[in-house]
Each structure stands twice: as structure tokens, then as C-alpha cells.
Amino acid sequence: MSATTVKAGKLPNRIHRAVVMRTERLTAGMMRIVLGGEDLAGFISTGIGDEYIRLFLPERGQHVPVFPHPEGDYWEYAPDQVAGPMRTYTIRAVDPEVGEISVDFVVHPGGIAADWALSVRPGSQVGFNTPTGLYELPADATWQVLLADATGLPAAARLLENTPAGIHTTAILEVSGPAHEQALELGEDTQLRWLHGGNGDSPSRLAQVLRQLDLPEGPGYVWVAGEARVTREARKYLRKERSLPVTHFKVVGYWTDKAEEWNERYEALGEDFKKWLEELWSTDLDPELIQDEVADAFDAHGL
């Protein structure tokens, strides 16, 4: 049994049925879940370090999730099915020789995915869809900067492992404290700096540190992953203040701090605001310009 890795082209949409093979406590705040099973024989990885999947999890107290079926680029449930919990996670590692993938979970009280990761036992089942990668180092890049909080740490770690030789790399990773740091595989041209804080415990310093960096001369790439407001600030700085080409940075919001409060403010804006957003994303405008407008609107409304 083996998995396959490809690095180009659109992958076929599939829903994989995986079995938990084993679990491992990595740090005070992170669990690793290794997934395998016969269905992963057909799993195809993009080979991109920050590739992500949608995990279809069992309800609390259950061991088997509700599996949807692929439909076009997405998925659907049968009329007699009730969708279960679904969360987005990056793939930490792929082992094609044995047909296994590893997913690292930030664990915190109350989260359904975190609770599942803390309590799951080998033999339990989980579903996930075809992975998608976002990181795309330009062919002419000579340097890169990777910034992430704990949610982006698994992707950043894999990106560091896969960085081509000769790419000068600066990695700045923000975790709650020393007990959350991990031993990572670093190349000769890599510098790693740990920040302590953020991650819902205190204000993140990632955007501030990014502003303070002296980016190297020549073509490069900046990749940022973390809390939505922080990444929005980082994107605004890179795009509007540094005027980096959009091909030379990728900024991804992985989570929202105080999500319930955010949802309350968002819902209070009413249906007209939601309709405006929906219509904006359905236009033929450059997606980067759309993101600019959305970011400005969110900032104006305190989102």
C-alpha cells in the first residue's frame, strides 16, 4: 500500500476514509494523529508543505463520522444524512511508503477537534477531502520569511523541511511558551526565532515583528499563517506598504480570536452586508482587489 505525491495540476476530488493508527503528544499544546487504512492507498498529496484538508470528525462520543460524497469540486450529503463536525487542518507529514499521513492538532479546552484529538484511540475513523496547497515559492526567489503561530506551526515545520538548498530562510514561530517549542529540521541557510505569547493568551506580535524585519535584497517570498486579524494586518503591510508582488507573498488566516464575539458583530451588520460580500466575491474583479475591499470593510466594522 502506498500514497502518491504530485506537485502540479488539479487533483481529483475524493473523500478518503481513514483510520487512526496511533497518537503522540508532541508538546504541552499539540497532539499528532497518524492516519492510515486501506483507503489511503489512493491518497494523492500535492507535495506542497502547507497543503490543507477538510476533516470530517465524529460527533462527541462516536467513533465513526458521517462521510459525505464528492460532488464537483466540493462534497454533498445524502438526504438522510446529518452533517457532522468539519474542521480544516494542514498535513504535517506524508509517508507514501506505508500509506500514512500525520496531522498535528493544537489542543485547547472546549474545541471539538481538540477534544477529539485528545481522546481518540487507534481504530477510530475520520474522513477528509483532497488536499490543497497554497505556498508557492517563486522560481527566482533567493530568500523566504516564514511567520506562524501555533496553528501554522505544522505547515511551517514541513515547509522548513522541504526548503530547497540555497534559499536563505528566516522562520519566526509564535507559541504560548517554552513548553510549546518543538525540535525542527533546519537547513544550513535557516534561522529560527521563537516568540512566546499570542495564540489567544495575549496579543500576537507576529505582524509587529514582520514590520521590524529588514527583508533581504532581491526576489523573495513571505509566508504568514495565523489568527485572521493578524494575517490581515500582515497582508496589508506586504501589499500596500512594501508593495510586494502578489506572487511573492502568501498570507493565510487559520483561526479567529474570540470567534463568538466576532460572529455577534458580524451578524449585527445585517443581511445587506452579507449580500454585499456575496456579490463582491461573485464579480470578475481581481481576487486581490476583492480581498483589499473585504479587509477594509472588516477593519471599518471592527471585525
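This short talk goes from the overall form of the protein to one of its strands, β12.

What we have on the screen is a predicted model, and in it the protein is built from seven helices and 16 strands. If we start with the overall dimensions, the C-alpha atoms fill a box of roughly 55 × 50 × 40 Å along the principal axes, and the radius of gyration is 20 Å, which agrees with the value near 19 Å that a compact globule of 303 residues would have. Of those 303 residues, 46% are buried, while the exposed surface comes to about 15200 Å², with carbon and sulfur atoms supplying 50% of that area. When we take the contacts between residues at least 6 apart in sequence, 71% of them join residues at least 24 apart. As for charge, there are 28 positive and 46 negative charges, and their mean positions lie 3 Å apart.

Let me now turn to strand β12, which covers residues 143-148. Six of its six residues are buried, so the strand is largely enclosed by the rest of the structure. In a regular strand the side chains alternate between the two faces of the sheet. In β12 both of these faces are covered, since Trp143, Val145 and Leu147 are buried on one side, and Gln144, Leu146 and Ala148 are buried on the other.

Which strand, then, pairs with β12 in the parallel sense over six bridges? That is β13, residues 168-175, and within this pairing Ala148, one of the buried residues just named, has Leu173 of β13 as its bridge partner.

Terms used:
Residues are numbered from 1 along each chain as its sequence is written. This is a predicted model: local features need pLDDT of at least 70, side-chain atom pairs count only at pLDDT 80 or more; totals for chains, interfaces and linings use all residues. Side-chain values use heavy atoms; hydrogens and water are left out. Helices (H or I, at least four residues) and strands (E, at least two) are DSSP runs, numbered from the N terminus. The radius of gyration is taken over C-alpha atoms; the globule rule is 2.2 Å times the number of residues to the power 0.38. Buried means under 20% relative accessible area, exposed over 50%, partly exposed in between (1.4 Å probe, protein chains only). Contact means heavy atoms within 4.5 Å. Accessible areas come from the Shrake-Rupley method with a 1.4 Å probe; for residues, only the protein chains shown count as cover. Lys and Arg count as positive and Asp and Glu as negative; His and the chain ends are not counted. The place of a charge is taken as NZ of Lys, CZ of Arg, CG of Asp or CD of Glu. Two strands pair if DSSP finds at least two bridges between them.
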